[in-house]
Amino acid sequence: MRSVCVRLVALCVILALAPWAGSVTVFGAPKGDLFTAAQRNQPTTLDPAIGSDAPSTKYLIAAYEPLVRNRFGTLDERHLEGVLATSWDISSDGLRYTFHLRPGVKFHDGSQLDAESVKVSIERMKTINLGNAYVLSAVQEVNAVSPLTVQITLSEPYAPFIQALTLVYIVSSTAVKEHQVNGDLAQGWFRDHEAGSGPYRLDSWQLGQQMQLSAFPDYWRGWSGNHAKTLILRLVAEPATQRLLVQSGEVDWADSITTDDIIALRQDKAVREQRSPGLAVFYLMMNTKKPPLTDVRVRQALVAAFPYDQMLKGVLHGLMSPANGYLAPGFPEHDHGAPAQFDLARARQLLGDAGYSKGGFTLTLVYFNPLDYESLGSQLFADQLQNLGITLKLQGLPWASLLQRKSDPDIAQEPDLVFYNVTPGFGSPDSILYPTFYSKSTHWGHFNYANPKVDAMLDQARRTLNASQRTALYVQIQRQLRADTPGIPLMLWDIVNVYSARVTHADVASTSAFVIDYYTIQLGQ
Amino acid sequence: MRFLAYLAMRIGWLIAVMLGVVTLTFLITNVVPADPARLAAGLEAQQAQVDTMRHLMGLDQPLPVQYWNYLVRLLHGDLGLDARSQRPVVTQLAEYFPATFELVIVTMTLYILLGVIGGVAAAVERGSWVDKGAQLLSLGGLAMPPFWVAIVFQVVFFAQLHWLPATGRLSAVLAPPPHITGLYLVDSLVAGQWGTWCDAAVHIMLPAVTLLVGSVANVLRITRRAMLQVFAQPYVATARAKGLSERIVIWRHCLRNSAIPILTMIGLQAGYLFSGAIIIEIVFSWPGLGKYAVDSIANLDFPPIMGVTLIVAAAFVLINLLIDLAYPLVDPRIVY
């Protein structure tokens with residue numbers, strides 16, 4: 001029998017060594033001008049008219065371009081830069097936008113950028129009516145005035161429109177016409193193919209594995225410098241595995257490194273951390289239609305009872321900043337206020353004023369259960385509320401159930417509190433304030449808050465073309481929100497990215513955390 | 001004829017089981033309190049967009065109509081559309097299934113080799129270091145969560161030793177072999193791409209061994225126990241007394257007479273491997289049904305959830321049917 005055991009061991013050894021017979025791969029080695037990204041999810045479709053989630057955005061920014069975009073680090077409309085448009089004029093009534101297109105831009109299918117492509121792209125997106133199509137709801141018609149001039153007419157003034165166009169990617173009209181089947185606007189084809197003008201073109205997409213893109217030789221901005229010439233976007237779902245891959249240098253950037261791992265990796269010379277102020281705000285939203293939160297004093301008491309420091313230092317390891325308003329300071333329209341302070345005595349006093357001096361009520365907080373920081377934060381909050389005689393029931397739910405629970409038709413069944421992370425879709429306060437605080441909003445972040453004054457100001461801001469007047473309106477809105485307290489702006493997300501050490505430079509896309517502008521990547525040795 | 005009648009009865013049961021699986025999964029998916037259309041339309045979607053998506057997904061129909069439509073489409077081999085990508089679920093499953101299948105096949109091969117041979121060795125060398133080692137390994141395998149084992153293997157064999165890759169089916173820079181079966185180890189062999197075969201083989205090692213660690217204990221213990229029971233039978237003493245070599249006594253007489261419980265365990269385990277592979281696939285970024293199933297469940301994307309459930313259930317019942325049909329081959333006393 002011993003001989004059987006010996007053979008078994010020998011078999012294992014042979015099985016273990018056999019693959020090396022023809023291969024000398026050393027796993028974890030960096031690879032020249034190849035940039036490899038690890039992403040937790042992959043896009044479900046490559047169609048720029050439909051893809052709007054984070055995985056889609058991470059791909060679309062490589063293969064497609066919009067007419068305009070925010071320059072890195074800015075959100076000010078005055079610093080908006082042309083991408084496929086070189087300049088634009090806006091009529092005094094705010095209804096006509098005329099774009100002068102960049103000459104000599106080629107799509108990956110070989111066709112030239114022209115006004116027809118812009119017209120087809122916008123009309124196609126509006127007709128499909130999915131993804132980011134909501135930003136085009138005011139578009140009445142698009143006209144190709146000349147080969148390189150396009151005019152967009154709106155049915156009503158919509159001041160954030162120019163900023164919202166950063167979400168509208170332009171596709172080759174030739175590709176749409178060539179691949180259209182039964183009037184599907186080439187949706188079937190664009191699901192797996194691309195015809196953009198971006199710096200990288202799609203070479204292959206192995207579903208569930210990776211996408212490979214290569215530098216487009218005719219890209220209009222050129223390729224001088226140490227740009228990445230090949231991009232591989234790999235699906236790596238597990239954050240712990242992402243960390244190992246970045247540490248080993250097998251990937252150059254990963255999108256889901258946990259806060260604990262970011263801290264741990266600071267000791268590692270093989271990686272480089274890049275941190276910049278973000279635009280996303282982490283709120284605790286309150287159900288303003290459900291007693292006792294109908295009383296603003298109770299809501300203000302909760303603001304004073306939240307343990308900000310414990311959350312920031314103990315849970316988030318200092319990787320966020322205290323929020324000092326309903327918008328991130330990166331917005332020129334940000335109304336700078338003092339960050340909320342933990343003050344149980346004040347909370348007790350406010351509860352007393354509202355007739356709840358001994359608390360005596362129960363609140364329900366729902367959170368997205370995979371997020372540790374939401375779970376830990378809610379437990380810290382529950383401990384403090386207990387000191388005020390308030391019981392906080394915690395419910396961690398998966399995403400689908402959380403959405404449903406929050407918008408239960410019976411208000412008594414709705415929770416009282418919910419954590420809400422919001423990243424602006426584009427560089428206007430409208431993209432955060434309108435969906436979250438407009439009374440008729442159907443966005444999941446809206447939690448029954450209704451103030452006709454705020455509605456009127458949000459509507460007016462959309463119609464106000466003068467930037468300084470619009471800023472004044474947004475400041476007023478934020479002050480009104482501070483008075484009404486429909487939520488607690490808890491923290492500001494800083495954008496923290498971890499790269500392999502050979503990445504010497506990379507810009508983050510302006511509004512979105514964890515989306516890299518791949519063209520700006522510079523690779524060292 | 002009796003065999004054919006038995007086979008027909010089993011296939012009838014198989015269809016009944018699958019119908020039950022379809023109905024239960026349909027009901028469970030639809031009673032979850034959530035709105036799949038809102039999830040599929042995206043967080044920024046306005047009500048009109050959500051309504052468009054609801055219509056596209058067929059969720060604006062009454063539940064019995066949705067169920068009936070699903071059954072009719074299923075009979076035509078149509079599993080519906082994946083709401084998020086708008087691709088046919090059949091196409092998606094065809095993309096993802098081969099990776100899971102390949103992982104399960106490799107794991108099963110190692111499972112049978114190590115589990116059965118290890119179990120026989122442990123029984124023959126009862127009380128020796130081989131026996132104790134096998135029992136320790138099997139207990140350890142049962143005690144360690146596969147998720148943890150997977151990460152430990154990645155840390156040791158990828159991050160520390162640089163021997164094996166941590167993720168994927170192939171190195172990122174390698175193109176997959178020409179598609180024949182979708183099994184990279186087979187396709188690369190057929191295409192004569194030795195480099196690709198080697199790369200695919202090293203990539204499958206860690207996920208397969210991780211799956212193996214958690215499952216091999218069962219067959220090892222069953223084999224050991226069955227062999228020990230057979231050793232006590234008089235015909236084993238007779239065989240030895242006749243002067244048969246120990247190899248023939250163990251492998252031809254004892255193992256064959258222990259085969260029924262071992263086969264049963266292998267059949268059950270093969271079914272469990274299909275579902276158990278899901279967590280392992282996520283840790284190792286193995287592009288099989290795992291991540292597809294998890295994403296579909298998180299988004300309540302009904303057609304893919306049904307598709308994955310059906311494929312796993314079908315694998316489970318088919319494998320067990322084959323095992324049942326194999327019983328007469330190892331024990332002539334069983335006649336259908």
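Trainee: How many bridges join β4(A) to strand β5 of chain A, and do these strands run parallel or antiparallel?

Mentor: Pairing between strands is read from the bridges that link them. In this predicted model, β4(A) and β5 (residues 96-101) of chain A are joined by five bridges and run antiparallel. Within the pair, S87(A) stands opposite H100(A) of β5(A).

Trainee: What is the order of strands in the open sheet of chain A?

Mentor: The order of a sheet is read across the strands, from one edge to the other. Here four strands follow the order β4-β5-β7-β6 in chain A, and the pairing is antiparallel. Because β4 (85-90) and β6 (139-146) of chain A each have a single partner strand, they stand at the edges, and one side of each lacks a neighbour in the sheet. From one strand to the next, the twist averages 20 degrees.

Trainee: Which strands does helix α3 of chain A lie across?

Mentor: For a helix on a sheet, one asks which strands lie under it and how the directions compare. Helix α3 (residues 115-128) of chain A lies across β5, β6 and β7 (149-154) of that chain, and its angle to β6(A) is about 165 degrees.

Trainee: Let us turn to the other chain. How many helices and strands are there in chain B?

Mentor: Chain B has 14 helices and zero strands. Along the principal axes, its C-alpha atoms fill a box of roughly 85 × 55 × 40 Å. Of the 336 residues in chain B, 42% are buried. Among contacts in chain B with a separation of 6 or more, 70% are between residues 24 or more positions apart.

Trainee: At what angle do the axes of α7 and α12 of chain B cross?

Mentor: A helix pair is described by the angle and distance of the axes, then by the residues that meet. The axes of α7 (residues 146-160) of chain B and α12(B) come within 10 Å and cross at roughly 30 degrees. Angles under 35 degrees count as roughly parallel, so α7(B) is roughly parallel to α12(B). Their crossing is right-handed. On the side of α7(B), P146(B), F147(B), A150(B) and I151(B) meet I279(B), I280(B) and V283(B) of α12(B). By class, the residues of this contact are seven nonpolar, no polar and no charged.

Trainee: How are α5 and α14 of chain B oriented to each other, and why?

Mentor: The axes of α5(B) and α14(B) are 10 Å apart, and the packing angle is about 50 degrees. The two helices are therefore oblique to each other. The crossing of α5(B) past α14(B) is right-handed. In α5(B), the residues V89(B), Q92(B), L93(B) and F97(B) meet P303(B), P304(B), G307(B) and I311(B) in α14(B). This contact has six nonpolar, two polar and no charged residues.

Trainee: Which residues of helix α13 of chain B are buried?

Mentor: Burial is read residue by residue, and then one asks what provides the cover. In α13 (residues 289-298) of chain B, the buried residues are L289(B), G290(B), K291(B), Y292(B), A293(B) and S296(B). Their cover includes α5 (89-124), α12 (259-283) and α14 (302-330) of chain B. After α13(B) comes L300(B), with a positive phi near 50 degrees.

Trainee: Finally, how many residues does the contact take from chain A and from chain B?

Mentor: The contact takes 53 residues from chain A and 59 residues from chain B. On the chain A side, α7(A) gives the largest share, six residues. By class, the residues of that side are 25 nonpolar, 23 polar and five charged.

Note on methods:
Residues are numbered from 1 along each chain as its sequence is written. Chains are lettered from A and ligands numbered from 1 in the order in which they are written. This is a predicted model: local features need pLDDT of at least 70, side-chain atom pairs count only at pLDDT 80 or more; totals for chains, interfaces and linings use all residues. Two residues are in contact if their C-beta atoms, placed from the backbone, lie within 7 Å. Ala, Val, Leu, Ile, Met, Phe, Trp, Tyr, Cys and Pro count as nonpolar, Asp, Glu, Lys and Arg as charged, and the others, Gly among them, as polar. Two strands pair if DSSP finds at least two bridges between them. Axes are lines fitted to C-alpha atoms, for helices over the stretch in contact, and angles run from 0 to 180 degrees between N-to-C directions. A residue is buried if 20 or more other C-beta atoms lie within 10 Å of its own, exposed if 12 or fewer, and partly exposed in between; C-beta atoms are placed from the backbone. Angles under 35 degrees count as roughly parallel, over 145 as roughly antiparallel, 65 to 115 as roughly perpendicular and the rest as oblique. A crossing is left-handed if the near helix is turned anticlockwise from the far one by less than a right angle, and right-handed if clockwise.
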